[in-house]
Amino acid sequence: MVEYPKWLANVVPVPKKDGKVKVFVDLRDLNKASPKDDFPLPHIDLLVDSTTSHLMLSFMDGFSGYNKILMALEDMEKTTFITEWGTYCYRVMPFWLKNVGTTYQRATTTLFHDMMHRNVEVYVDDMIVKSQGRADHLATLGRFFERIHKFRLRLNPKKCTFGVTFGKLLGHMLSERGIEVDPDKIKVILDMPVPRTKKEIRGFLGRLQYISCCIARLTNKSRFAPACCCLIGDIEVQDDLPWHHNIYQLLRSGTYPEDAIAKDRRALRQLATRFVICGETLYR
């Protein structure tokens with residue numbers, strides 16, 4: 001008897017950064033037909049905030065965690081894929097199937113429900129054990145390992161770090177002092193040359209404006225969120241920029257024009273709060 005599966009996917013080899021090749025099963029058609037699982041993932045900001053200010057931290061990563069969850073018998077056929085040697089289906093949940101993240105999060109939440117938000121934080125397959133002392137940390141790790149051994153979970157030793165005072169979690173550097181900047185994330189900014197010409201300064205200000213939403217209180221101070229930039233030599237030919245020479249004089253030397261009255265000086269000080277001088281450049 002010949003059976004024709006309703007769902008059949010192709011195998012797609014994809015090269016990785018380390019030169020190896022990873023094989024994927026193209027389940028896009030199945031994913032389009034699958035409803036979305038609304039189980040909520042932990043809020044990253046709340047998870048990071050609750051992990052900071054702890055003296056001892058351990059970071060762990062699940063090894064093939066998705067493959068620890070069995071597929072339902074009636075759904076195995078939907079994961080059928082074709083190869084040169086025949087057609088096969090998955091008995092366990094494949095990595096590239098829709099809703100695998102929320103399904104795994106539901107499983108880990110069930111397993112660690114009595115430890116989460118106290119000594120353990122879990123985001124899908126990223127697990128963190130936290131404590132305020134070494135003795136408490138060893139005891140918490142013991143309970144954590146008993147739990148994963150009971151349910152036959154596995155960890156990836158290459159991505160695990162135990163008993164440290166700081167580490168990287170979901171793109172954030174965490175320590176007892178709080179959240180710190182990840183050096184790998186700002187390496188390009190640190191290595192960027194100092195702008196020296198008018199064109200380079202305008203390019204820098206444009207990039208700064210682009211990432212302004214990621215810098216706290218940047219837009220609260222207009223001098224740190226420049227909207228336009230002009231060299232002092234260009235001001236004479238720009239009649240629509242009044243008082244710029246006076247603003248430059250006030251910011252550079254703290255002096256006012258000789259004919260300025262008290263009202264003019266007060267208005268000039270208010271305007272000057274919107275400008276800043278960088279080298280020989282006045283910009284706002």
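## Exercises on a predicted model

Strand 3 and strand 7 are paired in the antiparallel sense over six bridges, where strands count as paired if DSSP finds at least two bridges between them. The structure is a predicted model, in which local features need pLDDT of at least 70 and side-chain atom pairs count only at pLDDT 80 or more, while totals for chains, interfaces and linings use all residues. Residues are numbered from 1 along each chain as its sequence is written, and side-chain values use heavy atoms, with hydrogens and water left out.

**Exercise 1. Place strand 3 and strand 7 in their sheet, and state which strands stand at the edges.**

Step 1. Helices (H or I, at least four residues) and strands (E, at least two) are DSSP runs numbered from the N terminus; strand 3 covers 56-61 and strand 7 covers 126-131. Within this pair, Ser58 has Val129 of strand 7 as its bridge partner.

Step 2. The open sheet holds four strands in the order 6-7-3-8, with antiparallel pairing. Strand 6 and strand 8 (161-164) each have a single partner strand and stand at the edges, so one side of each is left without a neighbour in the sheet.

Step 3. On average, neighbouring strands of this sheet are turned by 15° against each other, direction ignored. Helix 2 lies across strand 3, strand 6 and strand 7, and runs at about 155° to strand 6; such angles run from 0 to 180 degrees between N-to-C directions, with axes fitted to C-alpha atoms, for helices over the stretch in contact (heavy atoms within 4.5 Å).

**Exercise 2. Describe the largest nonpolar core and the surroundings of Phe112.**

Step 1. A nonpolar core is a set of buried Ala, Val, Leu, Ile, Met, Phe, Trp, Tyr and Cys residues joined through side-chain atoms within 4.5 Å; buried means under 20% relative accessible area, exposed over 50%, and partly exposed in between (1.4 Å probe, protein chains only).

Step 2. The largest core has 39 residues, of which Met60, Phe112, Met127, Phe144 and Leu155 touch the most other members. At least two residues of this core come from each of helix 2 (44-51), strand 3, helix 3, strand 6, strand 7 and helix 4.

Step 3. Leaving aside residues up to four places away in sequence, Phe112 touches Val122, Met127, Phe144, Arg147 and Ile148.

**Exercise 3. Find the salt bridge of Arg147 and say which parts of the chain it links.**

Step 1. A salt bridge is a side-chain nitrogen of Lys or Arg within 4 Å of a carboxyl oxygen of Asp or Glu, and the whole structure contains six of them.

Step 2. Arg147 meets Asp114 in one of these, at 3.0 Å from N to O. The pair links distant parts of the chain, 33 residues apart, with Asp114 in the loop between helix 3 (100-111) and strand 6 (120-123) and Arg147 in helix 4 (residues 134-150). Asp114 counts as partly exposed, at 36% relative accessibility.

Step 3. For another example, Arg28 and Asp26 meet at 2.8 Å, N to O; Arg28 is exposed, with a relative accessible area of 57%, whereas Asp26 is partly exposed at 26%.

**Exercise 4. Determine how helix 7 and helix 8 pack.**

Step 1. The axes of helix 7 (residues 244-253) and helix 8 (residues 262-272) are 10 Å apart and make an angle of about 80°. Helix 7 is therefore roughly perpendicular to helix 8, a term that applies from 65 to 115 degrees.

Step 2. Asn246, Ile247, Leu250 and Leu251 in helix 7 meet Leu268, Arg269, Leu271 and Ala272 in helix 8.

Conventions
Angles under 35 degrees count as roughly parallel, over 145 as roughly antiparallel, 65 to 115 as roughly perpendicular and the rest as oblique.
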